[in-house]
Amino acid sequence: MASGKLPWELEEEILCRLPPGSLVRLRSIYSIGTIDLDVVDPKIEVRELACQFHFEAEKWAFTRITACNGLLFRDFWNQGVTIWNPWLRQVGWIEYKEDKDFRFCGVGYDAGKPKKGYKIFGYFNRFYDTKLKIGHIFAIFECASQAFKFIDSPEWPTLAGRGEYVSLNGNLYWTAYNEDTREHFLGSFDFSTEISMHFCLLPCAKHVFGLRDKLVLTVFKGDRFALLKQSRISSNTEIWVTKDKINSSNNVVWLNLMTLSIPDFPSLFHQLSDISYFIHDMTLILCCDDNQTGVGCIFIARGDLCKKIQINYVSLGFSQCVYLPSLTSVPLEFKSLQV
């Protein structure tokens, strides 16, 4: 099976016959089909996707899923990682043969090389003194060689919460908070230099400890960032986007795209599931748990409108969803199968 992106002419032809985007949700998996943003009553088509994985998720173990370069990567606790493209019906996997206590954070690649060799960024928990305190040892799992490489970075990565790592242009980004300066910022890890760094500040006011906003980062228009910010005090939700394409420069300008002050909009604090969203025609399409029932829902919000569409009928807990807009074949370094 060849690796890499399809020719644009073929991809464009296929994309015109597929949904404009998808939200993939664990443990049941769904895609968003037709989007009808009617002024009074917007509608979306939700369809379930079939899936088959090499590993079996443990009943109470948290599972993380992330997108990178048009592919989905799903972490299976203490087992390995699967790579999946639901549109091409391809699944591959990498198994951790040793060091099964590796904790998955996200996926990237060396953007300076012509061939994308995928690498998994994560860490090991290790006891580092006689008082049995736990420290993090950061590492990269290189999928081609199936070997771990430990990181000796001048600035140790600041760990994000679950589901908060975003891959763009091969690098990994996450929201972080400096307790000393009380500033929110983006941390980043460059897979080409294997260095972690402070990338840019986020458009957030300084808050006293315990009153921080809820922040959710995602990719916008394929080459920029969007930041969802919900206030713990006012419950207002803002969407900020970067003005220009993201590159190696940390001179980032943020623009306020929309502000939502809707009584029926869900609170994003204390969610069991990870939160995912995308922007379509100045409308926020958000996937998260319903505050009252705990079941998975999709919320369509703009202006003073908020419509809820239920996609699960039981509270799953620790489920999550991601946006997958493009088509990429599963690379050869992953053992693969058709589903």
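1. A good place to start is M282, which is found in the loop between β21 and β22. Strands here, like helices, are DSSP runs numbered from the N terminus, with at least two residues (E) for a strand and at least four (H or I) for a helix. Phi of M282 is near 60°, a positive value in a residue other than glycine. For background, most residues other than glycine have a negative phi. M282 counts as partly exposed, at 46% relative accessibility; buried means under 20% relative accessible area, exposed over 50%, and partly exposed in between, with a 1.4 Å probe and protein chains only.

2. Before going on, a word on what you are looking at. This is a predicted model, in which local features need pLDDT of at least 70 and side-chain atom pairs count only at pLDDT 80 or more, while totals for chains, interfaces and linings use all residues. Residues are numbered from 1 along each chain as its sequence is written, and side-chain values use heavy atoms, with hydrogens and water left out.

3. Q146 also deserves a look. Although Q146 is not a glycine, it has a positive phi of about 55°. Its place is the loop between β11 (134–142) and β12 (147–150), and Q146 counts as partly exposed at 31% relative accessibility.

4. Now to the interior. The largest nonpolar core has 22 residues, and those with the most contacts inside it are L228, F265, Y277, L284 and L286. Such a core is a set of buried Ala, Val, Leu, Ile, Met, Phe, Trp, Tyr and Cys residues joined through side-chain atoms within 4.5 Å. Two or more residues come from each of β17 (214–220), β18 (224–230), β19 (237–242), β20 (254–260), β21 (276–280), β22 (283–289) and β23 (296–302). Apart from this core lies another, of 18 residues, among them C68, V81, F104 and C143.

5. Within the 22-residue core, L286 is worth clicking on. Leaving aside neighbours within four places in sequence, L286 is in contact (heavy atoms within 4.5 Å) with residues including L228, F265, P266, Y277 and F299.

6. P266 appears among those partners of L286, and lies in the loop between β20 and β21. Is P266 buried or exposed? P266 is buried, with a relative accessible area of 3%. Beyond its neighbours within four places in sequence, P266 is in contact with Q230, L286, C288, N291 and F299. The C-alpha atoms of P266 and D289 are separated by 8.3 Å, while the two residues are 23 apart along the chain.

7. Four of the strands that feed the 22-residue core also pair with one another. They form an open antiparallel sheet in the order β17-β18-β19-β20, where pairing requires that DSSP finds at least two bridges between two strands. β17 and β20 are the edge strands, each pairing on one side only. The twist averages 20° from one strand to the next; axes are lines fitted to C-alpha atoms, for helices over the stretch in contact, and angles run from 0 to 180 degrees between N-to-C directions. Between β19 and β20 there are 6 bridges, and T237 stands opposite L260 in β20.

8. There is another open sheet of 4 strands, ordered β13-β14-β15-β16 and again antiparallel. Here the edges are β13 (166–168) and β16 (195–201), and the twist averages 35° from one strand to the next. Strand β15 (residues 183–190) is joined to β16 by 6 bridges, with G187 standing opposite H198 in β16.

9. Aromatic rings come next. The count comes to 15 aromatic pairs; rings of Phe, Tyr and Trp (its six-membered ring) pair if their centres lie within 6.5 Å, and planes under 30 degrees apart count as stacked, over 60 as edge-to-face and the rest as tilted. F73 and Y118 form a tilted pair, 5.5 Å centre to centre with 50° between the planes. Because F73 lies in strand β6 (residues 71–76) and Y118 in strand β10 (residues 118–127), the pair ties together parts that are 45 residues apart in sequence. Both F73 and Y118 are buried. Elsewhere, ring pairs link F121, Y123, F138, Y165, W174, F189 and F191 into a cluster.

10. Finally, the cysteines. How many disulfides does the structure hold? It holds 0, a disulfide being a pair of cysteine sulfur atoms within 2.5 Å. The sulfur of C143 is 9.8 Å from the closest cysteine sulfur, in C68, and that is too far for a bond. C68 is buried with a relative accessible area of 2%, and C143 is buried with a value of 0%.
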